[in-house]
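Open the model in your viewer and keep the selection panel at hand. This tour tells you what to select next and what you will find there.

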Amino acid sequence: LMPKVPLYSVQVMNFPWLTWRGGEIQTTLQTNVIMENVNYVRTDIHAISFDVYFPNWDGTLHHIGHVRDKAHYLASTQYKTLHNMNNASLTRAIIPTPETPLWTMHARRQFQIYDDMHMRISPFAILKS
């Protein structure tokens with residue numbers, strides 16, 4: 001039996017408020033994440049990350065942003081802050097490790113969670129379309 005990648009869907013539950021942070025347009029998305037684990041073993045999810053595309057009038061897709069789970073986004077921003085302060089002992093402690101999964105899916109079950117995700121938006125791609 002070959003293991004299979006869980007099927008998933010991510011639904012945005014609210015209209016996002018855009019903010020300008022760190023020279024980028026960013027937002028927090030409240031999402032409903034549904035995954036189905038068809039495997040006979042438990043599956044640990046350590047991160048979720050995907051790109052968002054938008055079709056223009058002639059059907060051409062334009063990359064408009066990148067979404068990732070909020071836990072890893074916060075860890076990466078804390079890492080950058082601490083790295084800039086040259087404090088290597090603290091940076092190692094906050095980076096997510098293989099021992100601490102984001103979510104755990106039991107075997108042969110559907111998994112659902114409401115969670116926040118973070119999105120960085122590419123404004124120039126939107127303006128070109």
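**Stop 1: a hairpin.** Select β2 and β3. These two strands form a hairpin, with 2 residues between them. Click on Gly-22 in the turn, which has a positive phi of about 60 degrees. Strand β2 covers residues 19–21, and 3 bridges join it to β3. The two strands run antiparallel. For one facing pair, select Thr-19, which stands opposite Gln-26 in β3. Keep in mind throughout that this is a predicted model.

**Stop 2: the whole chain.** Zoom out and colour by secondary structure. You should see 3 helices and 8 strands. Follow the chain along its sequence, and the pattern reads β-β-β-β-β-β-α-α-β-β-α. The chain has 129 residues, of which 27% count as buried. Now switch on the surface. Its accessible area comes to about 9200 Å², and 60% of that belongs to carbon and sulfur atoms. How far apart in sequence are the residues that meet? Among contacts between residues at least 6 apart, 65% join residues at least 24 apart.

**Stop 3: the other partners of β3.** Keep β3 selected and add β1, residues 7–12. Here 6 bridges join the two strands, which run antiparallel. Pick Ser-9 to see one pairing: its bridge partner in β3 is Ile-34.

Next, add β8, residues 109–121. This strand also runs antiparallel to β3, and 13 bridges join the two. Thr-28 gives you a pair to look at, since it stands opposite His-118 in β8. While the strands are on screen, recall a general point: in a regular strand the side chains alternate between the two faces of the sheet.

**Stop 4: His-118.** Centre the view on His-118, in strand β8. Is this residue buried or exposed? His-118 counts as buried, because its relative accessibility is 2% and the cut-off for buried is under 20%. Show the neighbours. Leaving out residues up to four places away in sequence, His-118 touches Arg-21, Gln-26, Thr-27, Thr-28, His-66, Val-67, Arg-68, Lys-70 and Tyr-73. Look closely at Gln-26: its side chain makes a polar contact of 3.1 Å with the side chain of His-118. Then draw a distance from His-118 to Ala-71. The C-alpha atoms are 8.9 Å apart, while the residues are 47 apart in sequence.

**Stop 5: two salt bridges.** How many salt bridges does the structure hold? There are 2. Select Arg-120 and Glu-24 for one of them, where the closest N and O atoms are 3.5 Å apart. This pair links distant parts of the chain: Arg-120 sits in β8 and Glu-24 in β3, 96 residues apart. Arg-120 is partly exposed at 34% relative accessibility. Glu-24 is partly exposed too, at 30%.

Now move to Arg-42 and Asp-44. Their side chains meet in a salt bridge, with 3.2 Å from N to O. Arg-42 counts as exposed, at 53% relative accessibility. Asp-44 is partly exposed, at 28%.

**Stop 6: Asn-37.** Go back to β3 and select Asn-37, which lies in this strand. Asn-37 is buried, with a relative accessible area of 1%. Show its side chain and look for two links. One is a polar contact of 3.0 Å with the side chain of Asn-39. The other reaches the backbone oxygen of His-106, at 3.2 Å. Then bring up the residues that Asn-37 touches, not counting those up to four places away in sequence. They are Arg-42, Thr-43, Met-105, His-106, Ala-107, Arg-108 and Arg-109.

**Stop 7: a patch on the surface.** Finish at Tyr-40, in the loop between β3 (24–37) and β4 (43–45). Why does Tyr-40 count as exposed? Its relative accessible area is 60%, and exposed means over 50%. Add Leu-1 and Val-41 to the selection and turn the surface on. Together with Tyr-40, they form a nonpolar patch with about 440 Å² of accessible area.

Notes. Residues are numbered from 1 along each chain as its sequence is written. This is a predicted model: local features need pLDDT of at least 70, side-chain atom pairs count only at pLDDT 80 or more; totals for chains, interfaces and linings use all residues. Side-chain values use heavy atoms; hydrogens and water are left out. Patches are made of residues with over 30% relative accessible area and no salt bridge: like charges are joined within 9 Å, nonpolar side chains (Val, Leu, Ile, Met, Phe, Trp, Tyr) within 5 Å. Accessible areas come from the Shrake-Rupley method with a 1.4 Å probe; for residues, only the protein chains shown count as cover. A salt bridge is a side-chain nitrogen of Lys or Arg within 4 Å of a carboxyl oxygen of Asp or Glu. Helices (H or I, at least four residues) and strands (E, at least two) are DSSP runs, numbered from the N terminus. Buried means under 20% relative accessible area, exposed over 50%, partly exposed in between (1.4 Å probe, protein chains only). A polar contact is a pair of N or O atoms within 3.5 Å; within protein, one must be able to donate a hydrogen and the other to accept it, and residues adjacent in sequence count only if both atoms are side-chain atoms. Contact means heavy atoms within 4.5 Å. Two strands pair if DSSP finds at least two bridges between them.
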